Amino acid sequence: PGMYDKYLECEKAWKTIHQNRKAQGKIKDWWVEEVMFPSGTNAEYGFLTIVSVKDWDAGGHLWDNWEAEQKALPANIKSLVENTNSYRDRVKSEIWREVDFIAKKDLKANYVVENFFKVPPGGWDDYMEMETRFVKPVHQKNIDLGNRAGWLLTVMISPQGQDQPYDCSTVDLYGKWEDMDNEQDGKAWEAIYPGMSDAHVGKRIEATRTLVRSEIRRWVMGTE
């Protein structure tokens, strides 16, 4: 509490490090998102930092030459980085893999809605078929209509196990807050599957996974 501005100042310092890593080809991108909903004193966390890498090997070498990276920083930025733990608590870290992705040209996502799911044992084939063949055309239609900036399907690589509350997610990307209006989504469904009832759609989707929770987040900063 009370560290909001200082935390963002600290992340701007980390942006310098990640910008250099991107220039060196060590990462694809890095960005910060703020959780808008859920919110409140009982919220699990308030921000996410996301590092995107090209492959598994690249993820294992992010911290190579860390001492040299620190030494190269200006004194004021180095001080913020060294005191990162004073400005925030790291709640958890996870590794995710991109499975499918579609987006409009010149993607600019200012808002994201991430839905976290749990797939039942033995249900992965049915779930993937539902997302990539049944629902994906509707997401593409929303993009074509200008209602959405993009859509992403991911699976969690680590941690794993049946004790984990979720193991995959879909991320809906939006340029404007107004684009999250569900009425626009309904128009896309009708265009792709005219006359198909909401009950049939819901049964087809819900049979493949359980929705654990949803988050609405806004983009704060990132590499360029």
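Tutor: Before we start, contact here means heavy atoms within 4.5 Å. Keep in mind too that this is a predicted model.

Student: Leaving aside neighbours within four places in sequence, which residues is Glu 131 in contact with?
Tutor: Start with where the residue sits: Glu 131 is in helix α6. That helix, residues 124–144, lies across β3, β4, β5 and β6. With neighbours within four places in sequence set aside, the contacts of Glu 131 are Phe 117, Lys 136, Trp 151, Leu 153 and Thr 170.

Student: Which side chain of opposite charge is nearest to Glu 131, and how far away is it?
Tutor: Glu 131 is buried and yet has no salt bridge. A salt bridge needs a side-chain nitrogen of Lys or Arg within 4 Å of a carboxyl oxygen of Asp or Glu. The nearest candidate misses out: it's Arg 209, at 4.6 Å.

Student: Which side chain does Glu 131 join in a polar contact of 2.9 Å?
Tutor: We've just seen that Glu 131 has no salt bridge. Its side chain does make a polar contact, 2.9 Å in length, and the partner is Tyr 127.

Student: OK, on to the sheet. In what order do the 7 strands come?
Tutor: The sheet is open, and its pairing is antiparallel. From one strand to the next, the twist averages 30°. Reading across, the order is β2-β1-β7-β4-β6-β5-β3.

Student: Why is one side of β2 and of β3 left without a neighbour in the sheet?
Tutor: Look at the two ends of the order, β2 and β3. β2 (47–52) and β3 (95–103) stand at the edges, so one side of each has no neighbour in the sheet, because each has a single partner strand.

Student: What is the bridge partner of Val 32 in β7?
Tutor: Strand β1 covers residues 29–37 and β7 covers 210–222, and 6 bridges join this antiparallel pair. Within β7, the partner of Val 32 is Met 221.

Student: And which strands does helix α1 touch?
Tutor: Helix α1, residues 4–23, packs on the sheet. Its direction makes about 155° with that of β1. The strands it touches are β1, β2 and β7.

Student: How many residues apart in sequence are the parts tied together by Lys 15 and Glu 224?
Tutor: The side chains of Lys 15 and Glu 224 meet in a salt bridge, N to O at 3.0 Å. Lys 15 belongs to helix α1 and Glu 224 to the segment after β7, so the pair ties together parts whose separation in sequence is 209 residues.

Student: Is Glu 224 buried or exposed?
Tutor: The cut-off for exposed is over 50% relative accessible area. Glu 224 has 67%, so it counts as exposed.

Student: Which residues are joined into one network by salt bridges that share partners?
Tutor: Take Arg 217 in β7: its side chain meets Glu 33 in a salt bridge of 2.5 Å, and Glu 114 in another of 2.8 Å. Arg 217 and Glu 33 are buried, and so is Glu 114. The strands involved are β7 and β1 for the pair with Glu 33, and β4 and β7 for the pair with Glu 114. Salt bridges sharing partners build one network of Glu 33, Glu 114, Arg 213, Glu 215 and Arg 217.

Student: How far apart in space are Gly 60 and Trp 96, C-alpha to C-alpha?
Tutor: Gly 60 sits in the loop between α2 and α3, and it is exposed at 59% relative accessible area. Trp 96 is 36 residues away in sequence, and the C-alpha to C-alpha distance is 14 Å.

Conventions:
Residues are numbered from 1 along each chain as its sequence is written. This is a predicted model: local features need pLDDT of at least 70, side-chain atom pairs count only at pLDDT 80 or more; totals for chains, interfaces and linings use all residues. Side-chain values use heavy atoms; hydrogens and water are left out. Two strands pair if DSSP finds at least two bridges between them. Helices (H or I, at least four residues) and strands (E, at least two) are DSSP runs, numbered from the N terminus. Axes are lines fitted to C-alpha atoms, for helices over the stretch in contact, and angles run from 0 to 180 degrees between N-to-C directions. Buried means under 20% relative accessible area, exposed over 50%, partly exposed in between (1.4 Å probe, protein chains only). Lys and Arg count as positive and Asp and Glu as negative; His and the chain ends are not counted. A polar contact is a pair of N or O atoms within 3.5 Å; within protein, one must be able to donate a hydrogen and the other to accept it, and residues adjacent in sequence count only if both atoms are side-chain atoms.
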